Amino acid sequence: MKSFINVQDIGPLDKAMAEAFEIKNDRYKYQHLGKNKTLMMIFFNNSLRTRLSTQKAAMNLGMNVIVLDVNAGAWKLETERGVIMDGDKSEHLLEAIPVMGCYCDLIGVRSFAGLTDRDYDYAETVLQQFIKYSGRPVFAMETATVHPLQAFADLITIEEHKVVERPKVVLTWAPHCRALPQAVPNSFAQWMNAAPDVDLVITHPEGYELDPQFVGNAVVEYDQKKAFEDADFIYAKNWSNPGVTNPADYGKITSKDMSWTVDTEHMSWTNNGKFMHCLPVRRNLIVTDDVIESPNSLVIPEAANREISCSVVIKRMLESL
């Protein structure tokens with residue numbers, strides 16, 4: 001596996017899931033694969049779970065790890081071609097990337113959407129430059145449009161905690177005080193669509209439609225209460241306007257409707273549903289204290305499974321070297 005961005009990159013999903021549970025039972029089984037190999041993790045944005053879980057996964061596999069925070073201690077990087085570099089950016093990404101590739105065997109990249117230019121974001125401009133110029137296998141640690149390591153961990157969590165063979169899984173928009181990317185909901189929808197035994201429903205205010213390439217065959221229901229009925233899992237996440245129905249709205253907050261906040265009443269509409277969120281979460285905006293602290297909250301097991309999803313991906317990449 002030379003790159004990991006979307007669910008298709010992982011190959012047959014049943015084999016990837018079996019591998020995930022194999023690794024979860026013995027996290028150091030494949031430690032020999034990473035001996036004398038180096039992972040470089042490059043962060044253009046803040047991180048807690050991704051940074052820790054990816055580093056732990058690489059260490060489990062016997063790798064050395066280099067972590068580069070582009071915004072703390074590195075030269076400021078220009079990312080666009082054709083720019084006269086007479087400002088505060090001293091180095092161009094097109095020179096920095098091949099240099100980074102000299103020092104490692106695998107590269108993980110985290111780079112969020114700018115939320116101003118939809119075409120630029122959805123072309124995955126920064127990530128694609130790493131794939132093209134680094135000379136190394138590259139995986140996404142959340143990009144402008146996707147977060148596949150999170151979605152893979154979400155699927156592992158659902159498989160572990162489901163009580164029916166084919167659970168109803170609801171991805172619900174929730175309000176937020178800041179404009180956030182669509183990466184997590186995009187990947188969640190994509191991976192749930194790829195899973196053979198999940199019924200996915202997506203609910204959000206009108207105008208917040210995700211890109212059709214990620215929505216796939218999911219049912220879109222604008223009535224949140226109707227969407228929640230008999231749900232086995234509720235996955236809450238805010239996203240800014242994707243600009244699908246109105247491109248001028250891309251990246252904007254066009255709703256702050258607090259009635260979408262997931263509270264005890266919302267969860268009472270479900271089939272004793274489990275609550276999920278990728279974290280970090282703004283309490284009492286996305287979800288109330290009582291819901292996230294309830295026995296049905298899976299946010300901690302979900303975060304723990306980030307180590308497992310990343311281990312599978314890094315293992316596959318090491319095997320391709």
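This report describes the sheets, the nonpolar cores and a few single residues of one predicted protein model.

The model is predicted, and for that reason local features need pLDDT of at least 70 and side-chain atom pairs count only at pLDDT 80 or more, while totals for chains, interfaces and linings use all residues. Residues are numbered from 1 along each chain as its sequence is written, and side-chain values use heavy atoms, with hydrogens and water left out.

## Two open sheets

Helices (H or I, at least four residues) and strands (E, at least two) are DSSP runs numbered from the N terminus, and two strands are said to pair if DSSP finds at least two bridges between them. Strands of a sheet pair through backbone hydrogen bonds, either parallel or antiparallel.

One open sheet has five strands in the order 1-7-6-2-3, with parallel pairing. Strand 1 (3-4) and strand 3 (64-69) stand at its edges with a single partner strand each, so one side of each has no neighbour in the sheet. Strand 1 is joined to strand 7 (residues 138-140) in the parallel sense over two bridges, and Ser-3 stands opposite Val-138 of strand 7.

Another open sheet of five strands, also with parallel pairing, follows the order 10-9-8-11-12. Its edge strands are strand 10 (219-220) and strand 12 (274-276), each of which pairs on one side only. Strand 11 (residues 233-237) pairs in parallel with strand 12 over three bridges, and five bridges join strand 11 to strand 8 (residues 168-173), again in parallel. The table lists residues that face each other across these strands.

| Residue | Partner residue |
|---|---|
| Thr-172 | Ala-236, in strand 11 |
| Ile-234 | Phe-275, in strand 12 |
| Tyr-235 | Met-276, in strand 12 |

How many of the five residues of strand 11 are buried? Five of the five are buried, so strand 11 is largely enclosed by the rest of the structure; here buried means under 20% relative accessible area, exposed means over 50%, and partly exposed lies in between (1.4 Å probe, protein chains only). Both faces of the strand are covered, with Phe-233, Tyr-235 and Lys-237 buried on one side and Ile-234 and Ala-236 buried on the other.

## Nonpolar cores

A nonpolar core is a set of buried Ala, Val, Leu, Ile, Met, Phe, Trp, Tyr and Cys residues joined through side-chain atoms within 4.5 Å. The largest such core has 57 residues, of which Ile-10, Phe-139, Phe-152, Trp-191 and Ile-314 touch the most other members. Helix 12 (residues 299-320) gives the most to this core, with seven residues. A second, separate core of 25 residues includes Cys-104, Tyr-122, Ala-144 and Tyr-250.

Contact means heavy atoms within 4.5 Å. Not counting residues up to four places away in sequence, Phe-139 touches a set of residues that includes Phe-4, Leu-39, Cys-310, Val-313, Ile-314 and Met-317.

## A buried glycine and an exposed patch

Gly-34 is found in the loop between helix 1 (13-25) and strand 2 (38-43). Is Gly-34 buried or exposed? Gly-34 counts as buried because its relative accessibility is 0%. Leaving aside neighbours within four places in sequence, Gly-34 is in contact with Leu-61, Gly-62, Met-63 and Leu-318.

Val-99, by contrast, is found in helix 3 (residues 93-102) and is partly exposed, with a relative accessible area of 37%.
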